[in-house]
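Thanks, everyone, for making the time this morning. I would like to walk through a few features of one model, beginning with its charged pairs and then turning to its interior.

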Amino acid sequence: MIFGQFAIYGVLGLTYLGLAVGYIPGLRMNRATIALVGSAFLIALGVLNLQEAWQVIDANTIVFLLSMMVVNANLAYAGFFRRSLSVLLSFTRSPLGLLIAFTFASGILSAFFLNDTLALIFTPLTLSLTRSFKLNPIPYLLAVAGATNVGSVATLSGNPQNILIGSFSGIPYLDFLRVLAPVALTGLVIQVGLLWLLYPDVRSTQPCQQLPTASDGLRPAKGDGAERPLSSDGLRPAKGDRIYKPLFNKSLVITTGLLIAFALGLPLAESALVAASLLLITRRIKPQRILKKVDWNLLVMFSGLFILTRVTQKLNLLQPFTHAVNSPVSFLGVTVILSNLISNVPAVLLLQPLIPRADTHFWLLLAAGSTLAGNLTLFGSVANLIVVEAAADLGYRLTFWEHLRFGVPLTLSTLILVYLWVH
């Protein structure tokens, strides 16, 4: 009996430690496999049976997340994100103008599409553009990393933790947007101001002298085929920077319909699933191209985390956190600390059982706190890591300390803003 209890608590503790670090030394395991293996061992130890474990996986969240990934993949292949940035950059060629353009383009798009997707797409574009203009890429990379987190605060579809909160709380899409969109927009302005203070080179309003080699300055870096539009056969990137209009128009129409469905208050998961299904009906593009862009690791990790959270509840390990819901300040503080210790998605899953479904105030604090906490350190969010890894692959290094001197003031100022606004 004692050995069994020791084994259960040991497995649970090691699993959350692995989720916090992101790997287990000596083993090739990521967060998805850590969550899955930990859940399997806890089932084997009898904390839950397989049927109970299956039932605690929230189908609405998994379906919504999967469907939005399919929508994003179609938009990326169609060239929507690159075209959006290209239009914005047509108004400016100065270092400060480019910084503002990257901040608001990545921030606003992240509000409606998953922030991790935007980080993956915008990083090679940022490096390509700054290299063409002979600019220091670091402040622009920080702009993308910070803005994808700050901008995604605004909506229920902006990031995985907001998707979870939408499923648990039942807050209407427009109600969520109305409260947190001002926080996101103000946060983006704060971010631009911080980068202006920290990097004197970006303050210039004079047009850059070195022009890009591509016609629109947005040609993806070599090897980055995921960003380019498809050729007429739908099987390879098109030459140059042309948009494949049939896929572009179809994706844009269906995505617009999806956002209208969100605004009308239709069920989020069902609406996203219908949109994804319509996009998968095609004669042009092979389905494996789209499905390869689905982050199956994230879906597996979510499933494992649902099981781990149920085990945590069953063992009554949430008791130390129950006092947090008595005060907005303490709750926001616990959210920020947990989000940086074990990552924001596990933090949301741990804290959500403590919040009554009708308590909109605390749901909003949880959404904003867990997302904005991701800017505190380089390892605070998946979007940050995507930017760092993609930049490293292309030969640029964004260090922990370089990010920290930007992330700490940005996180503190936006969290104070959230508390004052939501409270």
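Let me start with Lys314 and Glu52, whose side chains meet in a salt bridge, at 3.8 Å from N to O. This pair links distant parts of the chain, since Lys314 sits in helix H14, residues 296–314, and Glu52 in helix H3, residues 50–56, with the two positions 262 residues apart. Please keep in mind that this is a predicted model. Lys314 counts as partly exposed at 42% relative accessibility, and Glu52 is likewise partly exposed, at 31%.

The structure holds three salt bridges. Another joins the side chains of Asp175 and Arg178, at 3.1 Å from N to O; these residues are three apart in helix H10, so about one helical turn separates them. Arg178 is exposed, at 55% relative accessibility, whereas Asp175 is partly exposed, at 31%. Glu402 also forms a salt bridge, with Arg405, their closest N and O atoms being 3.7 Å apart, and here too the residues are three apart, in helix H19, and so separated by about one helical turn.

Turning to the interior, which residues touch the most other members of the largest nonpolar core? Among its 136 residues, they are Phe81, Phe122, Leu180 and Phe302, while the largest share of this core, twelve residues, comes from H4. Phe81 is one of the buried residues of helix H5, residues 80–89, and the buried residues of that helix pack against helices H4, H6, H7 and H11. Beyond its sequence neighbours within four places, Phe81 is in contact with residues including Leu75, Leu109 and Phe122.

Terms used. Residues are numbered from 1 along each chain as its sequence is written. This is a predicted model: local features need pLDDT of at least 70, side-chain atom pairs count only at pLDDT 80 or more; totals for chains, interfaces and linings use all residues. Side-chain values use heavy atoms; hydrogens and water are left out. Buried means under 20% relative accessible area, exposed over 50%, partly exposed in between (1.4 Å probe, protein chains only). Helices (H or I, at least four residues) and strands (E, at least two) are DSSP runs, numbered from the N terminus. Contact means heavy atoms within 4.5 Å. A nonpolar core is a set of buried Ala, Val, Leu, Ile, Met, Phe, Trp, Tyr and Cys residues joined through side-chain atoms within 4.5 Å. A salt bridge is a side-chain nitrogen of Lys or Arg within 4 Å of a carboxyl oxygen of Asp or Glu.
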